[in-house]
Amino acid sequence: MKPVFFFIVSLLLLPLLAACSEQKVYIVYFGEHGGEKALHEIEDIHHSYLLSVKDSEEHARASLLYSYKHSINGFAAVLTEDEASKLSELEEVVSVWPSHPKKYTMHTTRSWEFVGLEEEEEGNYWKNNQMGGDFLSKAGFGKNIIVGVLDSGVWPESKSFSDVGMGPIPKSWKGICQTGVGFNSSHCNRKLIGARYYLKGFEQYYGLLNVSEDSRSPRDMDGHGTHTSSTVAGRVVPNASALGGFASGSASGGAPLAHIAVYKVCWAIPGQSKAEGNTCFEEDMFAAMDDAIADGVDVMSLSIGTSHPVKFTEDGIALGALHAAKKNILVACSAGNSGPSPSTLSNPAPWIFTVGASSLDRTFMSPVVLGNGLSIEGETVTPSKLEENKKYPLVYAGDVVNPGVAQNLTGQCLAGSLSPDKVKGKIVFCLRGVGMRVSKGMEVKRAGGAGFILGNSKANGGEISVDPHVLPATAVTYSNANRIMEYINSTENPEATIIPARTVLHTKPAPYMTAFTSRGPSVIDPNILKPDITAPGLNILAAWTGGEAPTKLAMDHRVAQYTIESGTSMSCPHIAAAAALLKAIHPTWSSAAIKSALMTTAGIKNNLHMPLNDESGNAATPFAYGAGHFRPTKAADPGLVYDASYKDYLLYFCSIGVKNFDPNFKCPRSPPTAVNLNYPSIAIPKLNGTITIKRTVTNVGNAKSVYFFTSKPPLGISVKASPSILFFDHVGQRKSFTITVKARTEMLNEKPLKDEYAFGWYTWTDGPHIVRSPIAVSLA
């Protein structure tokens with residue numbers, strides 16, 4: 001019987017043995033470099049670690065993808081689970097984690113005028129009725145500042161990247177212009193000063209890049225990277241507009257004289273429509289961040305995030321951003337597009353500037369006129385038009401589907417779902433929910449429809465992301481979608497037409513928080529209030545690639561120089577641009593001070609002077625907008641800032657149990673608690689009675705000044721400061737204070753729902769300056 005028993009045991013062990021021998025990319029992270037070793041010495045050390053788990057030097061060298069050796073200390077290599085486990089047991093290793101192809105994704109004008117910066121028709125001169133021109137002049141329009149953009153590359157021929165009138169490349173720049181297929185050194189200039197691409201992680205997983213889908217170079221064949229780069233620092237381009245002439249005017253980045261360095265880390269997924277998104281591999285981004293720090297960028301913009309919460313020691317963006325913070329580089333990241341559900345945000349590390357998305361005061365009105373004469377508001381940037389003064393038969397998609405379509409998908413206009421016999425020549429009413437918006441239009445066109453109306457789901461509420469559809473179309477809010485459905489069901493022969501769109505400015509209320517913007521609280525550490533701030537991210541006009549249609553659909557062959565996109569991907573570069581301008585005005589300020597200045601001067605009211613609301617008109621909270629909607633002209637003179645150093649972040653790491661990040665730093669026996677990190681906001685999860693929090697402010701305003709404490713505490717909570725008056729007699733002076741947060745007795749007796757948060761704020765003011773910080777509290 002022994003042979004049979006051995007055979008059975010062997011079969012049981014096969015899956016375990018396969019798991020041990022299966023190879024994948026792991027990142028082995030050592031934290032900060034311990035000393036001044038040469039780059040080749042660091043790579044040799046990394047190689048020696050691989051040699052300790054591999055059976056030969058040849059295998060060790062072949063397994064290495066990246067050696068991170070500038071600021072980041074670590075490597076990416078192809079390992080088995082057993083090899084990775086052995087390395088993780090070493091004392092000097094901070095963490096080891098596997099790369100995953102779907103862990104990170106990209107989070108996918110009028111906006112600068114809306115926030116207080118307004119361009120003239122020609123040149124790099126700006127004016128503003130709220131001192132925006134003075135702000136931009138002081139900032140030199142971002143002159144001598146270098147912004148590193150990690151994304152899908154760049155379309156260098158765009159007018160947004162012209163170097164006419166640009167100053168010389170800063171002497172601090174140490175980067176390169178990496179050549180590739182269709183991209184050479186001449187594509188870089190005094191505006192686009194550097195370009196690199198990273199695909200070792202991508203090719204390790206997917207195999208050799210298919211050059212018919214993407215370019216083996218920094219060239220952007222997707223559009224996302226060109227859009228974000230031009231938003232942060234594109235030149236002023238007169239007479240720019242999307243297809244059809246929408247949003248026409250001068251297109252400009254926030255810091256039009258800043259220099260751009262592009263790091264292409266996101267790539268087309270083989271065999272998948274680009275409209276469904278790209279992929280960004282962690283090991284590639286880690287290498288790009290390490291290079292960007294060494295290259296000499298002043299600000300980084302990453303419209304990229306995780307698809308699920310990841311602890312800081314296994315989050316490449318968070319770790320790379322901490323190394324950047326040590327070099328005083330501000331890193332702005334998108335919060336993500338997974339809203340409106342709570343606890344969905346990406347990039348929650350306190351040294352990252354996490355950005356939510358809100359609306360502009362601009363719409364693209366395209367009403368639907370029903371057969372009964374009722375006009376229903378809609379929005380679109382579709383250049384195609386229906387025949388004038390003609391009504392078309394109107395059908396609900398769920399009534400004109402092919403046999404076999406699942407009942408819960410009948411109204412979604414998914415590919416192949418509509419019956420041409422029932423759709424031809426008609427306007428089709430489709431619903432949002434499953435599938436891409438632009439793909440629904442393509443399906444209606446395939447089935448012979450004359451046009452289509454896209455109705456919001458309940459989750460999308462009153463927010464409309466406009467698209468350049470491939471046939472006449474408009475989109476309507478959830479409440480208006482219900483009205484259209486009621487009309488279709490009320491008459492035997494429903495009819496409609498779609499009125500061509502026009503651009504409408506100064507709409508109200510604005511801004512409001514978008515449905516898609518990811519919400520807090522942070523799952524990784526609820527002691528840090530996230531997101532930090534919000535900026536325009538809905539229907540943003542910026543430059544586009546010449547290598548892809550604005551819809552990214554394979555059947556769409558239109559080319560656009562500029563297009564309109566929505567997402568926290570679009571709001572993130574707004575904050576990166578504002579940070580670049582502040583860096584130009586205050587070159588000695590730390591990245592934390594710049595972040596504080598933007599947060600404490602942010603606004604929490606819309607253009608009706610009412611509190612910010614969400615896409616459905618309900619009150620929004622700091623878990624959507626953070627400190628508020630950014631106001632860069634006010635951030636130049638914030639009065640006080642909450643500063644934090646690299647050491648403060650190491651102490652924060654100590655408080656959450658990370659002890660060996662930097663070999664030159666030893667955690668104290670009793671590190672300060674996470675809630676005491678000197679942050680411009682306060683989050684207190686599970687308050688049990690009373691807590692006292694310490695904060696320190698630095699005077700960057702008037703030399704002699706007196707600041708008074710005021711607060712609007714969360715409902716049922718008392719908030720008091722000691723001292724409640726701060727006296728300053730010189731710039732740069734630091735003053736510490738404590739804030740005591742206490743639950744009122746009646747709140748404790750009522751026993752509110754678990755994890756239910758209440759919100760408020762506190763301020764320091766000397767009259768000219770109002771330094772406001774949001775507060776979020778839940779009870780134990």
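Start by selecting Cys572: its sulfur has its closest cysteine sulfur in Cys333, 6.0 Å away, which is too far for a bond. Keep in mind as you click around that this is a predicted model. Cys572 is buried, with a relative accessible area of 0%. Now pick Cys333, which also counts as buried, at 0% relative accessibility. A disulfide needs its two sulfur atoms within 2.5 Å, so the 6.0 Å between Cys333 and Cys572 rules out a bond there.

Next, the cysteines that do bond. How many disulfides does a search of the whole structure find? Four. Counting bonded cysteines along the chain, the pattern runs 1-2, 3-4, 5-6, 7-8.

Select Cys177 and Cys188, which are joined by a disulfide with an S to S distance of 2.0 Å. Turn the view to look along the S-S bond: the torsion is about 85°, so this disulfide is right-handed. Both Cys177 and Cys188 sit in the loop between β8 (146-151) and β9 (192-197), eleven residues apart. Cys188 has 14% relative accessibility, so it counts as buried.

Move on to Cys266 and Cys280, whose sulfur atoms are 2.1 Å apart in a disulfide. The torsion here is about 105°, so this one is right-handed. Cys266 belongs to strand β13 (residues 266-268) and Cys280 to strand β14 (residues 278-280), with their positions 14 residues apart in the chain. Both cysteines are buried.

Then take Cys413 and Cys430. Which way does this disulfide turn, left-handed or right-handed? With a torsion of about -80° about the S-S bond, the Cys413 and Cys430 disulfide is left-handed. Its sulfur atoms are 2.0 Å apart. You'll find Cys413 in the loop between β22 (392-396) and α11 (420-423), while Cys430 is in strand β23 (residues 427-431), 17 residues away in the chain. Cys413 and Cys430 are both buried.

Time for some rings. The whole structure holds 31 aromatic pairs. Show Tyr68 and Phe286: the ring centres are 4.9 Å apart and the planes meet at 70°, so the pair is edge-to-face. Tyr68 is buried at 1% relative accessibility, and Phe286 is buried too, at 0%. To see what surrounds these two, add Tyr29, Tyr66, Trp97, Phe312, Trp351, Tyr649, Tyr652, Phe653 and Phe661; ring pairs link them with Tyr68 and Phe286 into a cluster.

Jump to Tyr707 and Phe728, both of them buried. Their ring centres are 5.8 Å apart with the planes at 90°, so this is an edge-to-face pair. Tyr707 is in strand β34 (residues 705-712) and Phe728 in strand β36, so the pair ties together parts 21 residues apart in sequence.

Stay with strand β36 (residues 725-728) and select Ile725, which is found there. Ile725 is partly exposed, at 31% relative accessibility. Add Phe708 and Phe727, and you have the three residues that make a nonpolar surface patch of about 280 Å² with Ile725 among them.

Two more stops. At Trp155, look for Arg219, which lies over the face of the ring, 4.5 Å from the ring centre.

Finally, go to Glu81 in helix α4 (residues 81-88). Glu81 is partly exposed, with a relative accessible area of 46%. Draw a distance from its C-alpha atom to that of Glu41: these residues are 40 apart along the chain, and the separation is 27 Å.

Terms used:
Residues numbered from 1 in each chain as written. Predicted model: local features only at pLDDT ≥ 70, side-chain atom pairs only at ≥ 80, totals over all residues. Heavy atoms only, no water. Patch = residues over 30% accessible without salt bridge, like charges linked within 9 Å, V, L, I, M, F, W, Y side chains within 5 Å. Areas by Shrake-Rupley, 256 points an atom, 1.4 Å probe, with all protein chains shown as cover. Salt bridge = Lys/Arg side-chain N within 4 Å of Asp/Glu carboxyl O. Helix = DSSP H or I, 4+ residues; strand = E, 2+ residues; numbered from the N terminus. Buried < 20%, exposed > 50% of the residue type's maximum accessible area, 1.4 Å probe, protein only. Phe/Tyr/Trp six-rings, centres within 6.5 Å; stacked < 30°, edge-to-face > 60°. Lys NZ or Arg CZ within 6 Å of the ring centre and 35° of its normal.
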